[in-house]
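Colleague: Could you take me through one part of this model in detail, namely the charged side chains that pair with one another, and then set that part against its surroundings? I would like a careful account that I can follow with the structure open beside me.

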Amino acid sequence: MYPENNRRIRSSPILRNLTKEVTLDTSKLIQPLFVVEGIQNREIIPGLTGVYRDTPETLLKQVEHDIEKGVKSFLLFGVPLAKGDKEFDYSFTSNQIAALKKRFGSDIFVAVDVCLCSYTTHGHCGILNDSMDHVMNHESVTALADAALAYAKAGADCVAPSDMMDHRIAAIREILDENKLHQTLIMSYSAKFHSGFYGPFRVAADSAPKGEMKIKDRGTYQIDPANPSDAYLSSVRDMEEGADILMVKPGLPYLDVLKELSSQIPLPWAVYEVSGEFAAIELMAEKGLIDAKRAHLESWTAFFRAGAKMVITYGARSAQEWMK
Ligand code: PBG
């Protein structure tokens, strides 16, 4: 019953292409962008080769360049200069969204990360109580919904809450509907784990928890790596609350979760190849231990094999070159 000769099917590149079950395609990749207030020149991000903390000016040039490289989809992170505790000003990020949409219109799809970690003095993803030992859910969700509304009004095609508070999807859908923003998508980071792989990002987004607090990490709101059932329950809830796209994050360490959830919950699934995963490949390649291009393509293939419909990756803008 088994073919007695499995190598026959592997014997030439033409045959291997004919029999491929997964084909990589740049139109399935989403490029993250960081835009930072108050810097004069754009800055490199350690570990994330080819990715920058852009100024508003360099952001537009970068996106123009990315479009030439076949990238059409972006995930924007705005990093404002002023940090707060309870009140936040979303205008810097909103202005960058408006500038992108004014310049590029419907040539690009702009998703915007919705979180407070780049806005708070302490770096947590929500608002702390006075004794600074708890992230308050209701107050945080109210602020997140305001942020999402500001971004949607500025022209974001999609808002992507990454904070992991309870019921933020319902609150965001409600405020968008009240404001007749019925076409704005919500991509929920529904299965976002409390991961050690976010290191390079926290430099990029200026968002590591810092200062004198009793809660030093994000364990009280992000999902425990050992609890895939929590990821399932959070994702079902976010679907019921009105999310259009769900997400698993990080990628490679959670392929089992991606495979399981994407087969059980019939919404389009994104996966986020996070900063630490991407940087691991780049740093190994720098040491001459692996071929970066090959390892990146292999990782993306694994995501699509496991059921992803789209991949958020720092390498989207290099994909065309790597796939040649
Ligand atoms: C903000 C946020 C994080 C990432 C995306 N949105 C960091 C975190 O939760 O600490 C991580 C992205 C990456 O590592 O590439 N909440």
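Modeller: In this predicted model, the side chains of Asp 244 and Arg 173 meet in a salt bridge, with N and O 2.7 Å apart. Asp 244 lies in the loop between helix H7 (228–240) and strand E10 (245–249), whereas Arg 173 belongs to helix H5, so the pair ties together parts that are 71 residues apart in sequence. The two partners differ in their surroundings: Asp 244 is partly exposed, because its relative accessible area of 27% falls between the limits of 20% and 50%, while Arg 173, at 14%, is under 20% and therefore counts as buried. Beside this pair, it is worth finding the network in which Asp 163, Asp 166, Arg 168, Arg 237 and Asp 238 are joined by salt bridges that share partners.

One member of that network, Arg 168, leads on to Ser 162, since Arg 168 is among the residues that Ser 162 touches beyond four places in sequence. Ser 162 sits in the loop between strand E8 (158–161) and helix H5 (168–178), and it is buried because its relative accessible area is 4%, under the limit of 20%. Its side chain makes a polar contact of 3.0 Å with the side chain of Asp 113, and the other residues it touches, again leaving out those up to four places away, include Val 114, Cys 115, Tyr 189 and Lys 192.

The loop between H4 and E8 holds Asp 157, and this residue pairs with Lys 101 of helix H3 (residues 91–104), 56 residues away in the sequence. The closest N and O atoms of this salt bridge are 2.8 Å apart. Here too the partners are unlike in exposure, for Asp 157 is partly exposed with a relative accessible area of 22%, and Lys 101 is buried with 16%.

A further salt bridge joins Arg 317 and Asp 66, whose closest N and O atoms are 2.9 Å apart. Arg 317 comes from the loop between strand E12 (310–312) and helix H11 (319–323), and Asp 66 from helix H2 (residues 56–68), so that 251 residues of sequence separate the two. In this pair both Arg 317 and Asp 66 are buried. Altogether, the model has 12 salt bridges.

As for the nonpolar surroundings, the largest nonpolar core has 106 residues, and those with the most contacts inside it are Phe 34, Leu 75, Tyr 151, Met 187, Tyr 272 and Trp 300. Helix H4 (residues 137–154) gives the most to this core, with 10 residues. H4 also holds Ser 140, which is buried with a relative accessible area of 0% and which, apart from neighbours within four places in sequence, is in contact with Leu 116, Gly 126, Ile 127, Val 135 and Met 165. Trp 300, for its part, touches residues that include Leu 24, Leu 29, Val 311, Trp 322 and Met 323.

Leu 24 appears again at the largest pocket, where it is one of the residues nearest the centre, together with Lys 20, Val 22, Leu 297 and Thr 301. This pocket has a volume of about 550 Å³ and is lined by 17 residues. Helix H1 (13–19), helix H10 (292–305) and H11 are the elements that give two or more residues to its lining, and H10 gives the most, with 6 residues.

Notes. Residues numbered from 1 in each chain as written. Predicted model: local features only at pLDDT ≥ 70, side-chain atom pairs only at ≥ 80, totals over all residues. Heavy atoms only, no water. Helix = DSSP H or I, 4+ residues; strand = E, 2+ residues; numbered from the N terminus. Buried < 20%, exposed > 50% of the residue type's maximum accessible area, 1.4 Å probe, protein only. Polar contact = N/O pair within 3.5 Å; in protein donor to acceptor, adjacent residues only side chain to side chain. Contact = heavy atoms within 4.5 Å. Core = buried A, V, L, I, M, F, W, Y, C linked by side-chain atoms within 4.5 Å. Salt bridge = Lys/Arg side-chain N within 4 Å of Asp/Glu carboxyl O. 1 Å grid on protein atoms, 1.4 Å probe; cavity = no way out; pocket = protein on both sides within 12 Å on 5 of 7 lines; lining within 4 Å. Points joined across faces, edges and corners; volume = space filled by probe spheres on them.
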